[in-house]
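Student: Could you take me through this protein slowly, with the reasoning behind each answer?

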Amino acid sequence: RRAHLRLCLEKLKGLIPPGPDASKHTTLSLLTRAKLHIKKLEDCHRRAIHQIDQLQREQRHLQRQLEKLGVERVRMDSTGSCPSSERSDSDRGERRPWGDTMQSVTEVAKSS
C-alpha cells in the first residue's frame with residue numbers, strides 16, 4: 001500500500017510544474033503545489049470559457065450585420081438603383097471611397 005502511494009506521489013510530481021521550493025519534496029508541499037496548480041488551471045479554464053462566450057456573441061452580431069448588408073444589397077439591386085446588367089464601378093475604372101469592401105462582404109453573405 002505504501003509503495004502504491006509513493007508511486008502515485010511520484011506520478012503527481014511529474015504532472016505539476018516545480019515550484020520555487022522544489023528542493024522540499026515533502027508530501028504536504030507536493031499536495032499543496034498540486035492544489036494550487038489545479039486552481040490555476042480552473043481559473044484559466046474559466047477565463048477561456050468566458051472568452052469563447054464573448055467571441056460567440058461577437059460572431060452572432062457580425063453575422064447579423066453581414067446578413068443585413070446582404071439584404072440591403074439585394075434590395076438595392078432589385079430597385080434598379082444599381083442593375084446587375086450594368087458594369088460595376090471597378091469595371092468602369094471608378095474607385096469607391098470604401099474600396100471593394102462592400103462587394104466582398106456581400107459575396108461572403110451570398111456564399112453562406
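Tutor: Let us begin with a definition: a residue is called buried when its relative accessible area is under 20%, exposed when it is over 50%, and partly exposed in between. Please keep in mind throughout that this is a predicted model.

Student: With that definition, is Glu10 buried, exposed or partly exposed?

Tutor: The relative accessible area of Glu10 is 44%. Buried needs a value under 20% and exposed a value over 50%, so Glu10 counts as partly exposed.

Student: Which residue forms a salt bridge with Glu10, and how far apart are the closest N and O atoms?

Tutor: Side chains of opposite charge can pair when their charged atoms come close. Glu10 lies in helix H1 (residues 2-15), and three residues along, about one turn of the helix, lies its partner. That partner has a relative accessible area of 27% and is therefore partly exposed. The residue is Lys13, and the closest N and O atoms are 3.2 Å apart.

Student: How many helices and strands are there in the protein?

Tutor: Reading along the sequence gives the pattern α-α-α, in which each α stands for a helix. The count is therefore three helices and zero strands.

Student: What span should helix H2 have, and what is the distance between its end C-alpha atoms?

Tutor: Helix H2 runs over residues 27-79, which makes 53 residues. At 1.5 Å a residue the helix should span 78 Å, and the model agrees with this, because the end C-alpha atoms are 77 Å apart.

Student: Which residues are joined with Asp43 into one network by salt bridges that share partners?

Tutor: Asp43 and Arg46 are three residues apart in helix H2, which means that about one helical turn separates them, and their closest N and O atoms are 3.9 Å apart in a salt bridge. Arg47 is four residues from Asp43 in helix H2, again about one helical turn, and the side chains of these two meet in a salt bridge at 2.5 Å, N to O. Asp43 is a partner in both pairs, so the residues joined with it into one network are Arg46 and Arg47.

Student: Why can residues three or four places apart in a helix point the same way?

Tutor: One turn of an α-helix takes up a number of residues that lies between three and four, so a step of three or four places comes back to the same side. That number is 3.6 residues a turn.

Student: Is Arg46 buried, exposed or partly exposed?

Tutor: Its partner Asp43 has a relative accessible area of 31% and is partly exposed, and Arg47, at 48%, is partly exposed too. Arg46 has a relative accessible area of 53%. Since the limit for exposed is over 50%, Arg46 is exposed.

Student: Which residue has the backbone oxygen that the side chain of Ser29 reaches?

Tutor: Ser29 lies in helix H2 and, with a relative accessible area of 12%, is buried. Other buried residues of H2 include Leu30, Arg33 and Leu66. The side chain of Ser29 reaches a backbone oxygen at 3.0 Å, and this oxygen belongs to Thr26.

Definitions and conventions. Residues are numbered from 1 along each chain as its sequence is written. This is a predicted model: local features need pLDDT of at least 70, side-chain atom pairs count only at pLDDT 80 or more; totals for chains, interfaces and linings use all residues. Side-chain values use heavy atoms; hydrogens and water are left out. Helices (H or I, at least four residues) and strands (E, at least two) are DSSP runs, numbered from the N terminus. The expected span of a helix is 1.5 Å times one less than its number of residues. Buried means under 20% relative accessible area, exposed over 50%, partly exposed in between (1.4 Å probe, protein chains only). A salt bridge is a side-chain nitrogen of Lys or Arg within 4 Å of a carboxyl oxygen of Asp or Glu. A polar contact is a pair of N or O atoms within 3.5 Å; within protein, one must be able to donate a hydrogen and the other to accept it, and residues adjacent in sequence count only if both atoms are side-chain atoms.
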